[in-house]
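Thanks for coming, everyone. Please put the model up on the screen, and I will walk you through it.

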Amino acid sequence: MPRLNFEGRDYALETGESVLECLERHGVALTSSCRSGVCHSCLIRVLEGAPPPAAQKGVKETLRAQGYYLACCCRPDADLKAERGAAQQRYRAIIESVHPLNATVARLRLTETNGFTYFPGQFLNLVHASGQVRSYSIASVPREDAWLELHVGLLPGGCISTWVHHEAAAGESVEFLGPQGNCFYVPGRSEQPLLLLGTGTGLAPLYGILRDALGQGHTGPIHLFHGSVRRDGLYLVEALRALEAEWPQFHYHPCVLEGPAEEDIAVGAIDQLALERVPSLKGFRVFLCGHPDLVRQMQRKTFLAGASLSDIYADAFLPAAAAASTPS
Amino acid sequence: MSLFEELGGEAAVDAAVDVFYRHVLADERIAHWFEDVDMERQASKQKAFMTMAFGGPHHYTGLDMRKGHTHLVARGLNDLHFDAVVENLVTSLNELEVAPDKVAQVVALVETLRDDVLSRTPAPATEA
């Protein structure tokens with residue numbers, strides 16, 4: 001009889017029993033609702049073992065890639081080790097460098113990350129010496145970069161961003177928790193067109209996702225729209241132009257809200273500019289990062305423009321207070 | 001064969017969800033009810049709804065339907081909105097070329113939810 005190890009305790013599965021049923025029989029409370037693989041309330045993360053594929057039916061690709069299965073549909077025929085959600089782990093790393101990308105965004109690179117694994121586009125929670133925690137998206141690609149890269153926007157009165165911009169120095173040790181988030185590239189359907197759209201440091205996850213997709217052989221067209229209020233808010237412009245020159249399938253669209261018009265930089269609202277240049281999103285995979293209002297609005301607009309609900313990935317940068325208390 | 005199987009099962013649900021929800025969001029009579037909702041959570045909710053409408057496996061009860069909509073009824077959710085949702089569902093199924101008798105069965109199934117969604121006591125059988 002297969003055994004289930006759930007969060008450190010062993011349970012015997014009866015023949016044909018689902019993980020959800022087994023846990024309930026043993027008095028372990030797991031959130032569930034439809035019990036038929038539709039509502040996805042009972043997602044568990046499998047750490048060891050190979051559950052039947054039926055237990056991942058309809059589960060979003062990025063969750064599959066992280067080992068998530070539906071407990072109600074998971075009837076294992078071999079031993080399994082699983083846990084409730086993604087438990088965040090604590091890591092320590094060394095600052096490799098802090099480098100300005102423009103007047104308000106600094107690039108923070110960390111090394112010696114002690115076995116931290118992630119997908120480019122996920123985020124981590126940086127812990128300041130004061131105990132304050134802030135979320136930052138990951139711009140690096142583990143396959144290509146020897147460091148972990150974050151883009152830190154300077155916020156007035158922001159405790160961690162001020163520290164990164166003005167005090168943090170190479171060689172110092174930092175602590176973080178993670179990884180989190182489902183906004184990342186999953187290989188497969190390599191000819192699918194991609195739309196990447198974000199404002200401000202929303203470029204960080206998109207930069208990671210873009211280079212990850214290219215590095216994994218994505219051949220379909222990739223449109224990256226990066227928006228800012230003014231020209232001086234854009235960053236990595238040269239690096240992105242270089243990628244555009246190197247990869248014919250990649251199209252970089254920098255956008256600013258306020259002119260003056262400059263060569264190759266569009267002036268206007270990023271959502272309008274994107275939907276003008278890519279009017280139909282049928283068949284697209286969409287990644288949206290940055291200001292929560294823009295992300296929410298664009299989830300709706302890209303869906304109405306033809307993208308399938310299951311192909312829209314979003315990472316809304318919540319304000320600090322909310323972000324610190326939202327571990328999901 | 002069950003209605004759910006006849007309609008094409010889960011694959012049919014997946015195909016219908018996008019079409020249906022796009023119609024709903026484009027319908028100004030009801031779009032505002034979906035203004036503040038998280039699209040990712042909506043995706044699975046809409047799929048659950050569609051599975052239920054197609055007569056597929058689900059474990060939602062009338063009470064779940066009631067609880068899930070009480071706060072909306074307090075804000076004015078009424079029959080006109082329910083009608084609009086049904087209308088969009090029919091339009092979607094027609095677009096997907098579902099046979100008219102199957103569409104009628106789906107509508108009949110969804111109608112059984114009306115009183116619970118709108119937090120009403122069902123009319124007694126004698127008056128029906």
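In what order do the six strands of the antiparallel open sheet in chain A run? The order is 9-8-11-6-7-10. One caution before we go on: this is a predicted model.

Let's stay with that sheet. Its edge strands are strand 9, residues 133–137, and strand 10, residues 148–153. Each of those two pairs on one side only. From one strand to the next, the twist averages 40 degrees.

Now zoom in on strand 10. Its partner is strand 7 of chain A, residues 105–111, and six bridges join the two. They run antiparallel. For a landmark, find A:Leu108; its bridge partner in strand 10 is A:Leu150.

Next, look for the helix on this sheet. Helix 3 of chain A, residues 159–166, lies across strands 6, 7, 8, 9, 10 and 11. It runs at about 110 degrees to strand 10.

One side-chain pair here is worth a stop. A:Glu175 and A:Arg92 form a salt bridge, at 4.0 Å from N to O. A:Glu175 sits in strand 11 and A:Arg92 in strand 6, so the pair ties together parts that are 83 residues apart in sequence. Over all chains, the structure holds 31 salt bridges.

On to another sheet in chain A. This one is also open, with six strands in the order 15-14-13-12-16-17. Here the pairing is parallel. Which strands stand at its edges? Strand 15, residues 266–267, and strand 17 do. Each has a single partner strand, so one side of each is left without a neighbour in the sheet.

Inside that sheet, take strand 12, residues 194–199, and strand 13, residues 222–228. Six bridges join them, and they run parallel. A:Leu195 stands opposite A:His223 in strand 13.

Quickly, some pairings around strand 3 of chain A, residues 43–48. Three bridges join strand 3 to strand 4, residues 68–70, in the antiparallel sense. There, A:Leu43 has A:Leu70 as its bridge partner. Strand 3 also pairs with strand 5, residues 80–83, again antiparallel and over three bridges. In that pairing, A:Val46 is matched with A:Ala82.

Now the interface. How many residues of chain A are in contact with chain B? The answer is 20, and they touch 21 residues of chain B. The two chains bury about 1800 Å² between them, with 55% of it on carbon and sulfur atoms. On the chain A side, A:Val38, A:Arg300 and A:Leu309 lose the most area to chain B. Together they account for 35% of what that side buries.

What about charge across the interface? The rule finds one salt bridge there. A:Lys57 pairs with B:Glu10, and their closest N and O atoms are 3.0 Å apart. In general, side chains of opposite charge can pair when their charged atoms come close. Beyond charge, there are polar contacts to count: seven residue pairs between chain A and chain B, with both residues at pLDDT 80 or more.

Which elements of chain A supply at least two residues each to the side that touches chain B? They are helix 7, residues 292–304, and strand 17, residues 312–316. Helix 7 gives the most, with four residues. Strand 17, remember, is also an edge strand of the parallel sheet. By type, chain A's side divides into ten nonpolar, six polar and four charged residues.

That's the tour.

Note on methods:
Residues numbered from 1 in each chain as written. Chains lettered and ligands numbered in written order. Predicted model: local features only at pLDDT ≥ 70, side-chain atom pairs only at ≥ 80, totals over all residues. Heavy atoms only, no water. Contact = heavy atoms within 4.5 Å. Buried area = accessible area lost by both parts, 1.4 Å probe. Salt bridge = Lys/Arg side-chain N within 4 Å of Asp/Glu carboxyl O. Polar contact = N/O pair within 3.5 Å; in protein donor to acceptor, adjacent residues only side chain to side chain. Nonpolar A, V, L, I, M, F, W, Y, C, P; charged D, E, K, R; others polar. Pairing = 2+ DSSP bridges. Axes fitted to C-alpha atoms, helices over the stretch in contact; angles between N-to-C directions.
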